[in-house]
Amino acid sequence: MTGRHAAVRPAGTQPAGRPLTGIALTGTPLTGTLALLRHALRLDRWKLLPWLLVIGIFPTVSYSVYGSLFSSPLEAKALQLSLGTNPAFSLLFGPATDLGTAAGFTAWRVQMFGMFFAALMAVFTVTRHTRAAEESGRAELLDSGVVGRHARLASAVVLAWLASAAVTVLVGLALMMAGSEPAPAFALGSAFGGMGLAFAGVAAVTAQLGSTGRTANTLAATVLGVSYLLRGLGDTLDDSEWLLWTNPMGWAEKILPASENDFRPLLLLLAASLALALLAAWLESRRDFGMGLIAPRGGPARGRLGTWGLTARLNRGAFLTWAVVFVALGSVYGLVATTMSGIFSDNPFVKQMITFRLATEEQLLFAFVEVLLLVLAFIGGVFGIQVVLRFHTEEDEGRAEWMLSAPLSRLSYVVPTVVLAAVGPAVGMAAGSAALATSARLAGSELDTAKVVFQGLAEVPSLWLAAAVALFLVGLAPRARAGAWLVLVYWLLLTMFGPVLKAPEWLLGTSPFHVVPNVMESSPDWLPVAWTLLLAVGLLLAGLAGYRRRDLLSR
Amino acid sequence: MAAVVSITGLTKSFGHSMALDGLDLEVSEGEVHGFLGPNGAGKSTTLRILLGLLRADAGTVRVLDGDPWRDVVTLHRRIVYVPGDVSLWPGLSGGEAIDLLGRLRGGLDERRRAELLDTFELDPTVRGHAYSKGNRQKVAIVAALSSNAELLILDEPTSGLDPLMEATFRQEIRREKAQGRSVLLSSHILAEVESLADRISIIRRGKVVESGSLEQMRTHARTNVAATLSDGATRLSATPQLTAVPGVEGLRIDGSRVQFNVDAGGLAAAMNVLTGLGVSALTVTPPSLEDLFLRHYGERAGQGLPQ
Ligand SMILES: Nc1ncnc2c1ncn2[C@@H]1O[C@H](COP(=O)(O)OP(=O)(O)O)[C@@H](O)[C@H]1O
Ligand SMILES: [Mg+2]
């Protein structure tokens, strides 16, 4: 037992600080959990609400538009045939088990997004109240009330559980109000909520391992990414269904909303969450307050960083992470693309298209690869925006003020970030598409490597536009900078689902990702890409001008 | 003496709230200038404008004969700054942060750097997220003092330091001054300003309400008088007589004890009244910095200084 973190601190040794009211002096390791939970709830009201709304509303919208999508049940069945047998879509969104009903269609459309978002919500919530709170010193102030050894952890996990339960109920009720049967509605809600439960447990553990909030979040997000990959492989590769049982995302998918409505995997997720929380508590008692089990190393006494070095250093972790994601996803996608050739011969629509010379087999294969590259491109977009917002974090946390008190113009300060936001995603995209083409070829596919990489690079101006939007906001409206994420999500949803939802062409055209031409065409239309570039440059220049001119935000 | 900082009529607002409202400030070459005021008075805002981090709404601001907004790079070669709330890069060690700032300035005084790390007992190998507030502040202080700048702009540099380190800090500032450097030191700690500053400006709600050396301020300012009246009966007449004296304020009569403060002009007249009433004991105290300060923040006098 360490002194700083004793289960019950004798009253006389309390450091100064406002103790929480209503905490008894005698206690167990969980003493004070309820008070901390109430406090956390009060702090988090507005932070959790957007998550709940997005996760809650998205399925309902999908459910409501279903009726207008297909003129006949036959059309829906046809879509299912072509989508259900397309491994690219199984890999991305999970298998389409039942597109014949609104609930089934909704489950397929939103399942991955909902599970992803619910998991992230839980991770951020737990980290915020455990590791990040310790890091910022907030926890110390609160813990100076008499608080049990595991109370902070317990309150954070319970809060994430409550939020996950809220997701389940919200999705269920909202879908029922839109006209769904209760069983599929709550099954889908449970798939989301179950992921929230499981990842609350994962984050509880990673919060003990990492010594900063960022490390804890990264570790938990890595577990989520690996789950997504394993689940995707389990859904697509032959004879690999067992992979679904290796990870929480596979379990949540096994609930099979709308087709099976099997709630038993939810128990598995709950059990995993409990087990992980207990593991986290055990780990917590073996570490000191403020320290992670992965001990922070000391640093060098001297440094040689300048503005470029600093920018590289600050983005090093993100860059390496994304590089791994690009190459890993690219390789997996390449494997999947290869298995498609065989599937083509079984798919009546594909056969038809080939018979009527609407497309060659290579073109069809390439069309699927294009979808996969699009996913890589969105990841590139995330990376670019992240680099720019990382720059703004420096201002937000007060370090830019210190830097700019040195003989350094605003422009020279921001330029390394601009260069990295331009080069980083482009390199990632090139590496990802090269990995895709290479792994496809190794597995025996006909794909032309150069063309795949070229198609991948054709997406790069869109990534630049995403980063430029972020820079524009940071320069001119820094308080609205998170809007860059909204824009990217809007593009993602529009490009992925707009065509299926029969959105008009002008609307689809507002996404730069939609207008990227297929390089396999005989005369690809590059004009829209030129516009994308021009717009990106315009936003960049406006953002830079704004940044040079505006007040530096202070804390 | 030439002015290194000269501000007249400076205003700055954030949205609807007016942070600076016609502020005047002058710092002479080679002096330590104390910039005194409670939280929210506008100290940091003023310093940020001097560094070109914020843009002035109106007024003229000159620093080292330059325009702080336009001539950022050239001016900053000659200025160092210690921010009010030092935030370090979580993954960078303190030493790396010091050297980063040093490198941006085109190098730092190696001997001084080593010496300062020693006197402030700062371990430069600790990573940013592991430093306490006081140690983060020390990192910024070491980075600032190991440069060869002419003007030091320090925003509440000791708010996280323990008393021992505060003493070390004062000693180091005196050394800087002895080298001929000018220092603008914002603070809400009276003792610090009183012991270091040659001249003081007191800021209140975005305006400098009093400026000068402590000596000058004392002569301009009010003297505290406490007297015990010899005869209780005269108490009734004490109130009207003393209130009639121009310059008497803060009159409190408690039993036979009379307390008030009075400006230099009214001192003689007030003494005459007291003598007329008959005094058995009399204390006359020249104003302390605290009195000066509290007079400008009169409405909060009961609470003492806001921390
Ligand atoms: N970036 C900002 N946005 C809005 N208000 C601000 C900002 N910076 C300072 N203020 C306000 O201006 C006033 C002066 O603040 P500041 O200069 O930080 O005072 P001090 O440093 O003396 O404590 C305060 O009321 C503060 O709330
Ligand atoms: Mg301040």
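These legends go with close-up views of a predicted model, taken from chains A and B.

**View 1. Chain A as a whole, an all-round look before zooming in.**
Start with the overall make-up: chain A has 21 helices and 0 strands. Of its 555 residues, 54% count as buried. The accessible surface of chain A adds up to about 23,300 Å², and carbon and sulfur atoms own 69% of that. Contacts reach across the sequence too: take the pairs in chain A that sit at least 6 apart, and 75% of those contacts link residues at least 24 apart.

**View 2. A nonpolar surface patch on chain A.**
Here eight names are worth finding on screen: A:Trp308, A:Phe319, A:Leu320, A:Leu411, A:Val415, A:Val419, A:Val423 and A:Val427 make a nonpolar surface patch of about 650 Å². Two elements give two or more residues each, namely helix H12 (307-346) and helix H16 (410-442) of chain A. Which of them gives the most to the patch? That would be H16(A), with 5 residues. One of the patch members to click on is A:Val423, which lies in helix H16 of chain A. Its relative accessible area is 43%, so A:Val423 is partly exposed.

**View 3. Helix H16 of chain A, seen through A:Thr417 and A:Val418.**
Stay on helix H16 of chain A, which holds A:Thr417 and also A:Val418. Is A:Thr417 buried or exposed? With a relative accessibility of 3%, A:Thr417 counts as buried, because the cut-off for that label is under 20%. Skipping neighbours within four places in sequence, A:Thr417 is in contact with A:Thr311, A:Val387, A:Val388 and A:Phe391. Now step along to A:Val418, which has 21% relative accessibility and so counts as partly exposed. Not counting residues up to four places away in sequence, A:Val418 touches A:Leu471, A:Leu540 and A:Leu544. For a distance to check, try the C-alpha atoms of A:Val418 and A:Ala468: they are separated by 8.7 Å, while the two residues are 50 apart along the chain.

**View 4. The six-stranded sheet of chain B.**
Over to chain B, where 6 strands line up as an open sheet in the order E5-E6-E7-E3-E8-E9, with mixed pairing. Strand E5 (79-82) and strand E9 (207-213) of chain B are the edge strands, each pairing on one side only. From one strand to the next, the twist averages 15°. Look also for helix H5 (residues 133-145) of chain B: this helix lies across E5 and strand E6 (151-155) of chain B, and runs at about 170° to E5(B).

**View 5. Strand E3 of chain B and its two partners.**
Zoom in on strand E3 (residues 32-36) of chain B, which pairs with strand E7 (residues 182-187) of chain B in the parallel sense over 5 bridges. E3(B) also pairs with strand E8 (residues 199-204) of chain B, again in the parallel sense, over 4 bridges. B:Phe35 is a handy landmark: it stands opposite B:Ser186 in E7(B), and B:Phe35 also stands opposite B:Ser201 in E8(B). How many of the residues of E3(B) are buried? The count is 5 of 5, and the strand is mostly covered. In a regular strand, side chains alternate between the two faces of the sheet. For E3(B), B:Val32, B:Gly34 and B:Leu36 belong to one side, B:His33 and B:Phe35 to the other, and both faces are covered.

**View 6. The four-stranded sheet of chain B.**
The last close-up shows an open sheet of 4 strands in chain B, ordered E11-E12-E10-E13 and paired antiparallel. Strand E11 (248-254) and strand E13 (279-285) of chain B stand at the edges with a single partner strand each, so one side of each has no neighbour in the sheet. Ignoring direction, neighbouring strands here are turned by 15° against each other on average. Within the sheet, strand E10 (residues 223-229) and strand E12 (residues 257-262) of chain B run antiparallel and are joined by 6 bridges. B:Thr223 is the residue to pick out, as it stands opposite B:Val262 in E12(B). Helix H10 (residues 267-277) of chain B lies across E10, E11, E12 and E13 of chain B, running at about 5° to E10(B).

How values were computed: Residues numbered from 1 in each chain as written. Chains lettered and ligands numbered in written order. Predicted model: local features only at pLDDT ≥ 70, side-chain atom pairs only at ≥ 80, totals over all residues. Heavy atoms only, no water. Patch = residues over 30% accessible without salt bridge, like charges linked within 9 Å, V, L, I, M, F, W, Y side chains within 5 Å. Areas by Shrake-Rupley, 256 points an atom, 1.4 Å probe, with all protein chains shown as cover. Salt bridge = Lys/Arg side-chain N within 4 Å of Asp/Glu carboxyl O. Buried < 20%, exposed > 50% of the residue type's maximum accessible area, 1.4 Å probe, protein only. Pairing = 2+ DSSP bridges. Axes fitted to C-alpha atoms, helices over the stretch in contact; angles between N-to-C directions. Contact = heavy atoms within 4.5 Å.
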